[in-house]
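Reader: I am new to reading protein models. Could you take me through this one step by step?

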Amino acid sequence: MRVIVADQAGVCFGVKRALDLVYSECERCASLSTLGPLIHNPQVVGALEAKGVRVVRRVEDADCAIVLPSHGVPYEVHQAAKDAGLNVIDATCPFVANVHRRVRSLAAKGFTVVVVGDSDHSEVKAILSAAVENAIVISCAEEVDNYDWSGKKVGIVSQTTQTGDHFGEVVGKIAANSAQVMAYNTICYATHERQAAARELAPTVEAMFVVGGRNSANTNRLAEICESAGVPTYHIETASEIDPAWISGMEVVGLTAGASTPQWIIDEVKQKLERIGG
Ligand code: SF4
């Protein structure tokens, strides 16, 4: 059985940058903490913990140095870490920081800010805080109907891991009902490339394997894209989850991975699939 890996899969620029920062910092500082998981991949977070990097839930629980995660934190949290006298290592991805700048600028110009994304996701909470007030989250086009847009100036950005189709649908619906719309497609290029590669590969194989944290927004989007191509799709975190029955009798399967999934996990999944598939 052949296993085809998508042209673009696995660790992105922002995650690599965050990991490089933490690995270089933990050589210098014996008591390093990350505020929440550094990235949405339990295996990588576990490997960092094995090197002594603690995950803390609150700024107060850090000792002397704290790393802020790649998906960003609300402004007040960043400030609290500085006020506590901690050495703050900001691993916020530059693409996420760019969304914060856009939102601040839209809010300052009097726009109602809309973030297209998952309201429970920490990236979205941090983006909302950049607007200070007058900002809302819309997770799907149906939710647009819950608000009165008439006469409003609306500024729209996207969580970096949304799909372009989804973003476009929400923008179109708001634009049809409001006075003025400024929309910035802030989906990052890494997300876009991984989604495009998965969309291209999925219809050409008998099953798709999507590897990455179940709490990873961009991995979940990849799984949705593969499912919507009508191909059996398995979202797994590690090779140990593969059930041989899933690929019984198949000749070719596809493999993609979220932006927080390290190469060694992708390699393990590929090798196991090849071993089982023969
Ligand atoms: S997925 Fe995009 S925004 Fe998120 S860390 Fe990677 S490059 Fe940055």
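Author: Start with spacing. The centres of domain 1 and domain 2, taken over C-alpha atoms, lie 28 Å apart. Keep in mind that this is a predicted model.

Reader: How many residues of domain 1 and of domain 2 does the contact take?

Author: Contact here means heavy atoms within 4.5 Å. Domain 1 brings 13 residues to the contact, and domain 2 brings eight.

Reader: Where do domain 1, domain 2 and domain 3 run along the chain?

Author: The domain assignment puts domain 1 at 2–10 + 189–277. Domain 2 covers 13–93, and domain 3 covers 95–183.

Reader: What area is buried between domain 1 and domain 2?

Author: About 810 Å² is buried there, and carbon and sulfur atoms give 56% of that area. On the domain 1 side, Asn-215, Glu-237 and Ser-260 supply 45% of the area buried against domain 2. No other three residues supply more.

Reader: How many salt bridges and polar contacts should I look for across this interface?

Author: The rule finds zero salt bridges between domain 1 and domain 2. It finds one residue pair in polar contact, both at pLDDT 80 or more. The side of domain 1 that touches domain 2 has five nonpolar residues, seven polar and one charged.

Reader: How many cavities of 30 Å³ or more does the structure hold?

Author: One. The largest cavity has a volume of about 320 Å³. It is lined by 24 residues. Those closest to its centre are Val-15, Ser-70, Thr-160, Thr-161 and Asn-218.

Conventions:
Residues numbered from 1 in each chain as written. Predicted model: local features only at pLDDT ≥ 70, side-chain atom pairs only at ≥ 80, totals over all residues. Heavy atoms only, no water. Domains from an automatic or database assignment. Buried area = accessible area lost by both parts, 1.4 Å probe. Salt bridge = Lys/Arg side-chain N within 4 Å of Asp/Glu carboxyl O. Polar contact = N/O pair within 3.5 Å; in protein donor to acceptor, adjacent residues only side chain to side chain. Nonpolar A, V, L, I, M, F, W, Y, C, P; charged D, E, K, R; others polar. 1 Å grid on protein atoms, 1.4 Å probe; cavity = no way out; pocket = protein on both sides within 12 Å on 5 of 7 lines; lining within 4 Å. Points joined across faces, edges and corners; volume = space filled by probe spheres on them.
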